[in-house]
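These are my notes from one session with the structure. I wanted the fold of one chain first, then its domains, its partner and one helix.

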Amino acid sequence: MQANIETILEYYNLDKTRLMDILWEVQQQQGFVSSEAVEALSKGLNMSSHDIRETLTFYHFFLDGPSGKHKIYLADTVIARMCGYAEVRAALEQACGCAFGAVDESGAFGLYDTNCIGLSDQEPAMMVDEVVFTRLTPEKVKDIITRLRQGASAEEVANPDRKDRRDAAYVDTLTSDNIRVRGPVFFKAGRDYPALLAQVLELLPDEVIEEVSLSGIRGRGGAGFPTGLKWRLGRDAEGEEKYVICNADEGEPGTFKDRVLLTRSPGDVLLGVIIAAWAIGSRQGIIYLRAEYWYLKEYLEQQIQAFHDAGLLGKQILGRDFDFDIRIQMGAGAYVCGDETALIESCEGKRGTPRIKPPYPIQQGYLGMPTCVNNVETFAAISRILEQGGAWFSAMGTDESTGTRLLSVSGDCEHPGIYETEWGITLDEVLKMAGAKEPMAVQVSGPSGECVSAEQDGSRLFCYSDLSCNGSLMIFDQSRNLLDIVENFLRFFVDESCGICVPCRVGGVNLYHKIRLINAGRGSSKDLDDIRSWGSLMRETSRCGLGTTAAKPLLTTLEKFSELYQQKMARPEGVLLASFDLEGALQGHEQARRTLVQEEKQ
Amino acid sequence: MSVRITIDGKEYKAGDGATLVDVAADNGVYIPTLCYKRGKPCLGTCRTCSVRVNGNVMAACTVPVADGMEVEVNEPEVANMRKMLVELLFSEGNHNCPSCEKSGRCELQAVGYELEMMVSRFPYRFPVRPREHAAKHIWLERDRCIFCQRCVQFIRDRETGQKIFSIDHRGSHASIEIDVKLADRMPPEQVREAARLCPVGCILEKGVGYDQPIGKRKFEIKSIRERALERERQ
């Protein structure tokens, strides 16, 4: 075992910034990262064993104890819960013979909850080892577990025709792309990448940046920072090295457009990354791929290889004085790594803790060097902007939100999937396209976004100054219990808070308890006041976007659907406050008494 | 180069890029801090120094001053936010000042007094987090940890530079840890440095405790506000 770890460490040149990759390899070889393995890594990397554990225990998919031969992660999302999640969960427990959060007696199966795995258009869905299964039913689950018990690997079950993992056909076997509406920018077949890159390299870097600025494109990750300006700052920043990072940590619940882009148009994304490298003067790029997308890894590596073979990556690209290469960095299960500074920390092998800004990554990012981080969709769009021209792109959309964007639509509609829409489209139009029936509410941009009313907000526009959607769009019809959904979103933020700052770490839990109190029918108007005040504290004082938005599910539904809260308010009888749980309070006393008696005995 | 900023409407001169919380202290304006230690890199974890900068709430320890910056420190809404953050910390852990070894020397307690906090408006959690006694000279009262990260970042093994203190897990499951092997190599003055650096009574030196009489303890002799403002004028 030690010998294996030494081989892994040697492969990574004892480089502690590659700790994420090192931990993944240890886990894949040994099933989990044991304390002996941590000791061996500690010696090899000149880090204390607890320093290794800081990274190891931060990420959801790193395991520090026996966790079953097959690790099964069922996505617990509000969309899954609308599609038969409960039955599938029960079937899994029955078939595996263990409860969630545990390993069965034989050690064959470990069952775990996980947040959205980017398959909201085909829920319920689960990850088993390195593959995914979608549109689950109790019967399907039973079959899968039977096959695994008989000795098949998860991949053999998911991929019966033995498609090559490096081909798109393999990804298509596991998932559907569900592209519903195509537009002018994305998913163009048969693009000639060598010719396109040759055309770009005719331009000076400054000219490339000007074209990007002219297009008016803003970052598609959600924040909407003007990409041309970011690249300009990256070009002007001083550093021995500069890096380009493609953020493929698509963690916002309900979004899956980056998965589909990486499946259908990986070349667009790679080309966009190479263009960025040319523009800012970078020699090394990273694609930060979320662990939920393991099944895309070998396919993307093959695509990168194909670019190498065509002379579009590597030394002297297309015969010019331009060297650039791309590596894939796997994440390990942390929503917060969607924040660009947390993502960079993760790329350096550390906990995914958002950094303090300033300095911004474009000045000091990966390994302290200027780093340009953009979203998958931004890079794909830029590959088209440089082909068709910035003016072509900016002619679409609205003045301040140019071009088109991809929406990942899920929930109560006839056609969940990917829609390319021009900015400026109304909510009503999107709902109609998707075939939404009797919609009540729409969650725009996932839990971190805004819950809007289909009735009141139908004429609102998708654009950065109104509904500035990050790509996630979940539709809920009249039959849904919106406050259950809010509770699920709050739990999500509690699960995913990194804990570095006080308001998010402590405040998030408090808000989660509040919505549970309200859903239990024990809330009062005082609780609603607290939610507003505590939510505002989190919004104003948190360190990163996770904390600043974590209260939004509550705050935005309180604004649009206050009657739902009013219906849930307790009508107290007698002198006690509704939120006061008399029995619970007395139980606490009894528990405390017993603990004290026990401590005294010891 | 020097710049002009205003704090609560009053104009001050400051060095361009100097840290706002220091600039304020140098000019007699107290902004409470828990994780920040002047002269050391900013940690930005406790957010207790939140102030309004050009209309936006920011942690003053993370803000380099720039010309024309308008800062609000004592505006009631943002002052209330700072107090709420301190109250959050009191509710998250078990901070029973009368029985705590750090009482009178605890920065959390001192800031609580400074902000005139009487009780936390948040529900107390009463967490049960096991103590860590394994090291020879140092122990952890985990339920007092406020995850400021001072020990993690600033106390390192003198020979190898490795982390002695660390955080396991994340979010509300986070837990302060100590590397026992490295901790046992800490020289006595480093043990004391770690205990002093801890803003609460989480990191404690074994064999000492309650060694100063009530009334003569650090923040009883001189308040945390006076210390923050005075040290810098010397």
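**Entry 1: chain B overall.** I began with burial: 45% of the 234 residues in chain B are buried. The model is a predicted one, and I read what follows with that in mind. For secondary structure I noted eight helices and nine strands in chain B. I then looked up the radius of gyration of chain B, which is 18 Å, close to the 17 Å from the globule rule for 234 residues, so chain B is as compact as a globular protein of that length. The C-alpha trace of chain B spans about 55 × 40 × 40 Å along its principal axes. I also checked sequence separation: of the contacts in chain B with a separation of 6 or more, 63% are between residues 24 or more positions apart.

**Entry 2: domains.** I took the domain assignment next. It divides chain B into domain 1 (2–74) and domain 2 (87–221). I noted 26 Å between the C-alpha centres of domain 1 of chain B and domain 2 of chain B. Where the two meet, nine residues of domain 1 of chain B are in contact with 13 residues of domain 2 of chain B. I sorted the domain 1 side of that contact in chain B by class and got five nonpolar, two polar and two charged residues.

**Entry 3: the partner chain.** How many residues does each chain bring to the contact? I found 33 from chain B and 29 from chain A. On the side of chain B that touches chain A, the elements giving two or more residues are α2 (76–92) and β7 (165–168) of chain B. Of these, α2(B) supplies the largest share of that side, six residues. By class, the side of chain B that touches chain A has 16 nonpolar, 10 polar and seven charged residues.

**Entry 4: helix α6 of chain B.** Last, I went through helix α6 (residues 188–197) of chain B for buried positions, and found Val191(B), Ala194(B) and Ala195(B). Why do they lie on the same side of α6(B)? They cover an arc of only 95° around the axis, and that puts them on the same side of the helix. The general background I wrote beside this is that an α-helix has 3.6 residues a turn, so residues three or four places apart point the same way. I then asked what covers the buried residues of α6(B). The cover includes β6 (138–140), α4 (150–154) and β9 (203–205) of chain B.

How values were computed: Residues are numbered from 1 along each chain as its sequence is written. Chains are lettered from A and ligands numbered from 1 in the order in which they are written. This is a predicted model: local features need pLDDT of at least 70, side-chain atom pairs count only at pLDDT 80 or more; totals for chains, interfaces and linings use all residues. A residue is buried if 20 or more other C-beta atoms lie within 10 Å of its own, exposed if 12 or fewer, and partly exposed in between; C-beta atoms are placed from the backbone. Helices (H or I, at least four residues) and strands (E, at least two) are DSSP runs, numbered from the N terminus. The arc is that of the directions from the helix axis to the C-beta atoms. Two residues are in contact if their C-beta atoms, placed from the backbone, lie within 7 Å. Domain bounds come from an automatic or database domain assignment. Ala, Val, Leu, Ile, Met, Phe, Trp, Tyr, Cys and Pro count as nonpolar, Asp, Glu, Lys and Arg as charged, and the others, Gly among them, as polar. The radius of gyration is taken over C-alpha atoms; the globule rule is 2.2 Å times the number of residues to the power 0.38.
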